[in-house]
Amino acid sequence: MHKICASAYIGIPDEINRIFEVVRSGDTILVTYVDRLARNLLAFGPKLENLRERGVDIEAVQENLSYATGRLEFLQKVLDAEKEARRNGDRQLLSYMWSKRSGGVST
């Protein structure tokens, strides 16, 4: 079992790429939630499809969701996570800008 602590929003963490490279047909990658694995549909979509074609499944344990049997729902959750990450980033930027304008942040 591996615990990976890296952002999956901007790109695919090296540890995940290595796991994707070494898994074999019949293997299953377990994640707690889909959004813990991926928050970027353009980066992860092709990787997920490649794994499926190679006979590797990914399961989101807490969501009781398998990529092999629930591809559309799995991809929708990646897209939802991406949207939420963007909203959070926008809120943080707005908060920073507001604080800077009101004298709360120094540069």
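Asn17 sits in helix H1, in what is a predicted model. With a relative accessible area of 19%, Asn17 falls under the 20% cut-off, so it counts as buried. Leaving aside residues up to four places away in sequence, Asn17 touches Ile12 and Lys47. Lys47 also turns up in the packing of H1 against helix H3, so let's start there and then move on to the sheet.

**Where H1 meets H3**

- Two packed helices are described by the angle between their axes and the distance between the axes.
- For H1 (residues 14–22) and H3 (residues 41–53), that angle is about 25° and the axes are 10 Å apart.
- Angles under 35 degrees count as roughly parallel, so H1 and H3 fit that label.
- The crossing of H1 past H3 is left-handed.
- On the H1 side, the contact is made by Ile16, Asn17 and Phe20. On the H3 side, Phe44, Lys47 and Leu51 do the job.
- Sorted by class, this contact has 4 nonpolar, 1 polar and 1 charged residues.

**The sheet**

- E1, E2 and E3 line up in that order in an open sheet of 3 strands, and the pairing is mixed.
- E1 and E3 are the edge strands, each pairing on one side only.
- E1 (residues 28–31) and E2 (residues 57–60) run parallel and are joined by 4 bridges.
- E2 and E3 (residues 65–66), on the other hand, pair in the antiparallel sense, over 2 bridges.

**Who pairs with whom**

- Thr28 of E1 stands opposite Asp57 in E2.
- Leu30 has Glu59 as its bridge partner in E2.
- Glu59 also has a bridge partner in E3, namely Ser66.
- Val31 is matched with Ala60 in E2.

**The two faces of E1**

- In a regular strand the side chains alternate between the two faces of the sheet.
- In E1, Ile29 and Val31 make up the covered face.
- Thr28 and Leu30 are on the uncovered face of E1. Thr28 is the residue opposite Asp57, and Leu30 is the one bridged to Glu59.

**Asn64 in the hairpin**

- Asn64 is found in the loop between E2 and E3.
- The hairpin that these strands form has 4 residues between them.
- Asn64 is not a glycine, yet it has a positive phi of about 50°.
- Is Asn64 buried or exposed? Its relative accessibility is 73%, and over 50% counts as exposed, so Asn64 is exposed.
- Asn17, back in H1, is buried at 19%.

**The whole chain**

- There are 4 helices and 3 strands in the chain.
- Along the sequence, these follow the pattern α-β-α-α-β-β-α.
- Of the 107 residues in the chain, 28% are buried.
- What share of the contacts with a separation of 6 or more comes from residues 24 or more positions apart? Such residues account for 62% of those contacts.

Terms used
Residues are numbered from 1 along each chain as its sequence is written. This is a predicted model: local features need pLDDT of at least 70, side-chain atom pairs count only at pLDDT 80 or more; totals for chains, interfaces and linings use all residues. Side-chain values use heavy atoms; hydrogens and water are left out. Axes are lines fitted to C-alpha atoms, for helices over the stretch in contact, and angles run from 0 to 180 degrees between N-to-C directions. Angles under 35 degrees count as roughly parallel, over 145 as roughly antiparallel, 65 to 115 as roughly perpendicular and the rest as oblique. A crossing is left-handed if the near helix is turned anticlockwise from the far one by less than a right angle, and right-handed if clockwise. Contact means heavy atoms within 4.5 Å. Ala, Val, Leu, Ile, Met, Phe, Trp, Tyr, Cys and Pro count as nonpolar, Asp, Glu, Lys and Arg as charged, and the others, Gly among them, as polar. Buried means under 20% relative accessible area, exposed over 50%, partly exposed in between (1.4 Å probe, protein chains only). Two strands pair if DSSP finds at least two bridges between them.
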